[in-house]
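Here's a chat about the empty spaces inside a protein. Have a look at the model first.

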Amino acid sequence: MALTNNQTVLDWIDEMAAMTQPEHIVWIDGSDAQMEELRAQACATGELEKLNQEKLPGCYLHRTAANDVARVEGRTFICCRKQEDAGPTNNWMAPEEMYARLRRLYTGAMKGRTMYVIPYSMGVVGSPFAKYGIELTDSIYVVLNMAIMTRVGRDAARRLEDDFVKGLHATADNDPENRYIVHFPEDNTIMSVNSGYGGNVLLGKKCFALRIASHLGRQQGWMAEHMLILGVENPQGEVRYLAAAFPSACGKTNLAMLIPPEHYRKAGWKVWCVGDDIAWLRIGEDGRLWAMNPEYGFFGVAPGTNVKSNPNALATTRQDTIFTNVVHNLDDNTVWWEGLDKNPPEHAVDWQGRPWNGKTSSEKGAHPNSRFTAPAKNCPCISPEFENPQGVPISAIVFGGRRARTAPLVYQSRDWAHGVFVGSIMASETTAAATGAVGVVRRDPMAMLPFIGYNVGDYWQHWLDMGKTVANPPLIFNVNWFRKDKDGNFIWPGFGDNMRVLDWILRRAKGKAEGQKTVLGVSPTYDELDKTGIDYSEEQFNANMALNPSEWKAELESQTELFDKVGKKLPAELEEQRQILIKSFS
């Protein structure tokens with residue numbers, strides 16, 4: 001039975017069903033009973049495997065096809081009427097041409113299968129931030145993941161209006177040559193076909209919450225960003241919030257769930273996670289930027305997650321979690337992955353379902369991009385404001401990357417426009433483990449390069465325009481936890497000790513730290529960083545903060561490739577900011 005009377009919604013579902021030709025249509029009401037029934041069905045077909053319910057209550061294992069293990073940026077499109085509106089960093093095809101191509105792939109794609117209709121909300125239902133959509137899918141795995149990652153069911157269905165975001169997913173033949181993840185921002189439509197991997201088929205995540213939402217935000221005067229949100233509570237009980245953007249492999253999830261150093265904890269400091277991946281920001285009545293995490297769960301990378309690196313994330317996975325492409329430990333019917341501990345199981349099945357002995361095998365048991373989908377409410381440090389429909393006020397925005405040299409530990413931008421420039425030139429250096437080549441600089445503006453739903457030049461202009469609209473904008477900072485000394489060792493201890501830098505950032509935002517002026521903006525003095533409990537000399541600090549003019553001149557010149565690519569859409573203010581720095585270092 002349909003959960004809405006909205007005729008626009010019902011007509012669209014009828015149209016998609018006529019094309020895909022499912023045998024059954026089932027509406028997802030979000031009830032525990034329905035979810036349990038779907039889990040049982042998925043276990044019966046082998047789509048899921050039920051894990052040890054004593055050790056991992058409510059947890060299940062899933063495997064994707066071997067050719068379907070990650071987002072496929074080369075098959076991801078932004079299809080708007082004008083190619084210029086998609087910009088130079090997105091794949092584009094004319095909407096009519098793409099619709100025709102997809103129609104051929106979708107026709108009859110659900111024959112003999114069930115179409116599940118998932119009404120869902122991005123954000124707290126009824127919140128001024130919230131946006132609503134429907135995903136149609138033939139995959140129970142998608143239904144169960146969407147029920148963790150978003151707020152699904154009757155409450156969301158009641159909110160559906162004519163401008164809802166439409167999402168159609170069909171697993172079809174899982175053919176990589178005909179795999180498409182397509183966004184039609186002018187139609188509020190997302191279409192995914194021939195994939196079963198979460199990043200391509202959980203359409204509420206990057207597809208809606210970033211690509212479509214960034215387009216909506218530009219139209220409606222708000223922002224959708226690839227940012228974590230965390231709150232820092234001082235011993236007096238005051239909580240200040242920051243939003244932070246980092247490219248992959250820069251410790252984003254670890255920072256979102258940071259555990260403060262011991263002496264901070266003993267003094268009464270706490271860190272609260274509001275979100276680990278996506279932030280929607282809008283201007284509040286008080287003239288500040290307020291942020292909300294539109295998601296309801298975490299879709300995290302499993303390898304490397306352990307008691308030391310991120311105990312909060314690990315604890316989050318211990319109940320009601322779906323594990324994808326990890327090792328299945330047959331001895332106790334649990335899961336394992338590289339970096340979990342130093343005791344790989346001997347009697348196990350790897351991510352492709354093959355017998356695997358962790359003691360003797362030279363091959364990895366879990367896929368490097370294996371995942372856990374876990375409810376945010378499981379997280380030990382989830383913020384009490386997680387369900388606040390108004391979101392949280394942002395005191396600081398932080399950009400960061402992985403740079404062995406050049407970028408100092410932390411600096412504050414001179415003003416909003418300079419802060420936007422700092423975000424626009426964000427970059428990380430590849431690691432040998434990731435690519436086999438060390439130190440290759442990859443630009444990833446605001447960590448949004450694959451997720452901007454329109455022209456990157458217009459995106460930067462929207463940032464600049466927001467700064468002119470926000471009466472009390474947050475301060476903008478840049479951090480780099482990964483600077484190395486001449487011997488190749490990290491200078492800064494990182495992990496929980498990053499709290500010391502956040503402490504300084506929030507004191508700056510409150511006007512309680514003077515800092516020192518540099519050509520980049522404002523940096524801390526050695527005395528302003530709390531060094532209690534760590535061995536961090538003034539010599540190390542100076543090495544961490546040093547600005548080498550020749551390195552910076554080369555850095556600024558290297559940005560011309562991206563800026564030239566943006567062409568006439570490049571905001572003049574950003575080029576002005578670049579020229580100011582070039583002169584400062586000349």
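What follows is a short back-and-forth about cavities and a pocket in this predicted model.

Visitor: How many cavities of 30 Å³ or more are there?
Guide: A cavity here is a spot where a 1.4 Å probe fits but cannot get out. With that rule and the 30 Å³ cut-off, the count is three.

Visitor: Which residues lie nearest the centre of the largest cavity?
Guide: The largest cavity holds about 140 Å³ of space. Its lining is made up of 15 residues, and β28 (475-479) and α17 (549-558) each put in at least two of them. Nearest the centre you'll find Arg403, Ala407, Ile425, Ala427 and Asn478.

Visitor: How many residues in the lining of the largest cavity are charged?
Guide: Sort that lining by class and you get eight nonpolar and five polar residues. The charged residues come to two.

Visitor: Which helix gives the most to the lining of the second largest pocket?
Guide: That pocket has a volume of about 640 Å³, and 24 residues line it, with Asp32, Met35, Arg39, Ala147 and Lys377 closest to its centre. Elements supplying at least two lining residues each are α2 (32-45), α5 (140-149), β7 (151-152) and α6 (154-158). The top contributor, with four residues, is α2.

Visitor: And what about class, how many nonpolar residues are in the lining of the second largest pocket?
Guide: Set aside the four polar residues and the seven charged ones in that lining. The nonpolar count is 13.

Note on methods:
Residues are numbered from 1 along each chain as its sequence is written. This is a predicted model: local features need pLDDT of at least 70, side-chain atom pairs count only at pLDDT 80 or more; totals for chains, interfaces and linings use all residues. Side-chain values use heavy atoms; hydrogens and water are left out. On a 1 Å grid over the protein atoms alone, a cavity is a set of points where a 1.4 Å probe fits but cannot get out, and a pocket is an open set with protein on both sides within 12 Å along at least five of seven lines; lining residues have an atom within 4 Å of a point. Grid points are joined across faces, edges and corners, and a volume is the space filled by probe spheres set on the points. Ala, Val, Leu, Ile, Met, Phe, Trp, Tyr, Cys and Pro count as nonpolar, Asp, Glu, Lys and Arg as charged, and the others, Gly among them, as polar.
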